[in-house]
Amino acid sequence: MSEILVAYFSATGITEKLAKKIANVVDGDLHEIHPEIPYSAADLDWMNKNSRSSVEMNDKLFRPAIANKLESTENIKILILAFPI
Ligand SMILES: Cc1cc2nc3c(=O)[nH]c(=O)nc-3n(C[C@H](O)[C@H](O)[C@H](O)COP(=O)(O)O)c2cc1C
C-alpha cells in the first residue's frame, strides 16, 4: 500500500487515463470516486444551464453523495485529486 493516493472522478474516461498515468509515475494507489447517483449524458451537458451538472455547479454548497468512501485515510501522506472540470 502506497502513502500516495490518486483519487479521481471521471465521467467519460479522459481523467481516468491521466489519473492512471499519474499513479504509475508516482507509484501511488488509485481510487475511483463513484457518485451515489450516477450521471447520465444529459446530466453532464455542461452547455445546458438547466442540466443536473450545471445546477449542481451553480450551488457552491452542493456536495454530491459519494457511493464508495475510503474506509481509512490514516496512511495517506499525499493525496492527488483528479477531476474533469
Ligand atoms: C460539469 C461539467 C463542466 C464542464 N465545464 C467545462 C468548461 O467550462 N470548459 C471546457 O472546456 N470543458 C468543460 N467540460 C468538459 C470536460 O472538462 C471534458 O469533457 C473532460 O475532458 C471530461 O473528462 P472525463 O472523461 O474524465 O469525464 C465540463 C464538463 C462537465 C461534466
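These are my notebook entries on a predicted model of a protein with a bound ligand.

**Ground rules**

I number residues from 1 along each chain as its sequence is written, and I work with heavy atoms for side-chain values, leaving out hydrogens and water. Because the model is predicted, I take local features only at pLDDT of at least 70 and side-chain atom pairs only at pLDDT 80 or more, while totals for chains, interfaces and linings use all residues.

**Overall layout**

I looked up the secondary structure and found 2 helices and 3 strands. Helices here are DSSP runs of H or I with at least four residues, strands are runs of E with at least two, and both are numbered from the N terminus. The order of elements from the N terminus is β-α-β-α-β. I then took the extent along the principal axes: the C-alpha atoms fill a box of roughly 40 × 25 × 20 Å.

I checked burial next, with buried meaning under 20% relative accessible area, exposed over 50% and partly exposed in between (1.4 Å probe, protein chains only). Of the 85 residues, 24% count as buried. The protein exposes about 6600 Å², and carbon and sulfur atoms supply 58% of that area. Accessible areas come from the Shrake-Rupley method with a 1.4 Å probe; for residues, only the protein chains shown count as cover.

For contacts I used heavy atoms within 4.5 Å. Among contacts with a separation of 6 or more, 63% are between residues 24 or more positions apart.

**Nonpolar core**

I asked which residues make up the largest nonpolar core. They are Val6, Tyr8, Ala19, Ala23 and Ala82, 5 residues in all. Strand E1 (4-8) and helix H1 (14-26) each supply at least two of them. The term covers buried Ala, Val, Leu, Ile, Met, Phe, Trp, Tyr and Cys residues joined through side-chain atoms within 4.5 Å. In soluble globular proteins, nonpolar side chains tend to be buried together.

I followed Val6 further, leaving aside residues up to four places away in sequence. Val6 touches Ala19, Ile22, Ala23, Val26, Asp29, Leu30, His31 and Ile80.

**Ligand site**

I listed the residues around the ligand, a residue being near if one of its heavy atoms lies within 4 Å. The ligand is surrounded by Ser10, Ala11, Thr12, Gly13, Ile14, Thr15, Leu44, Trp46, Ser53, Met57, Pro84 and Ile85.

I then looked for polar contacts, that is, pairs of N or O atoms within 3.5 Å; within protein, one atom must be able to donate a hydrogen and the other to accept it, and residues adjacent in sequence count only if both atoms are side-chain atoms. A polar backbone atom of Ala11 is 2.7 Å from an oxygen atom of the ligand. An N or O atom in the side chain of Thr12 is 2.3 Å from a ligand oxygen. On Trp46, a polar side-chain atom lies 3.2 Å from a ligand nitrogen. The ligand taken alone exposes 650 Å², of which the protein buries 67%.

**Salt bridges**

I searched the whole structure and found 4 salt bridges, each a side-chain nitrogen of Lys or Arg within 4 Å of a carboxyl oxygen of Asp or Glu.

One of them joins Lys20 and Glu16 at 3.8 Å, N to O. Both residues lie in helix H1, 4 residues apart, about one turn of the helix. Lys20 is partly exposed at 43%, and Glu16 is partly exposed at 22%.

Arg52 pairs with Asp43, the closest N and O atoms being 3.3 Å apart. Asp43 is buried at 16%; Arg52 is partly exposed at 21%. Arg52 also pairs with Glu56, at 2.8 Å between the closest N and O atoms. Arg52 and Glu56 sit 4 residues apart in helix H2, and Glu56 is buried at 15%. Shared partners join Asp43, Arg52 and Glu56 into one network.

**Loops**

I placed Ser51 in the loop between strand E2 (29-32) and H2. Ser51 is buried, at 4% relative accessibility. Leaving out residues up to four places away in sequence, Ser51 touches Ala42, Asp43, Asp45 and Trp46.

Arg63 is in the loop between helix H2 (52-58) and strand E3 (78-82). Arg63 is exposed at 61%, and its side chain reaches the backbone oxygen of Lys60 at 3.0 Å.

Last, I checked Asp27, in the loop between H1 and E2. Its phi is near 55°, a positive value in a residue other than glycine. Most residues other than glycine have a negative phi. Asp27 is exposed at 61% relative accessibility.
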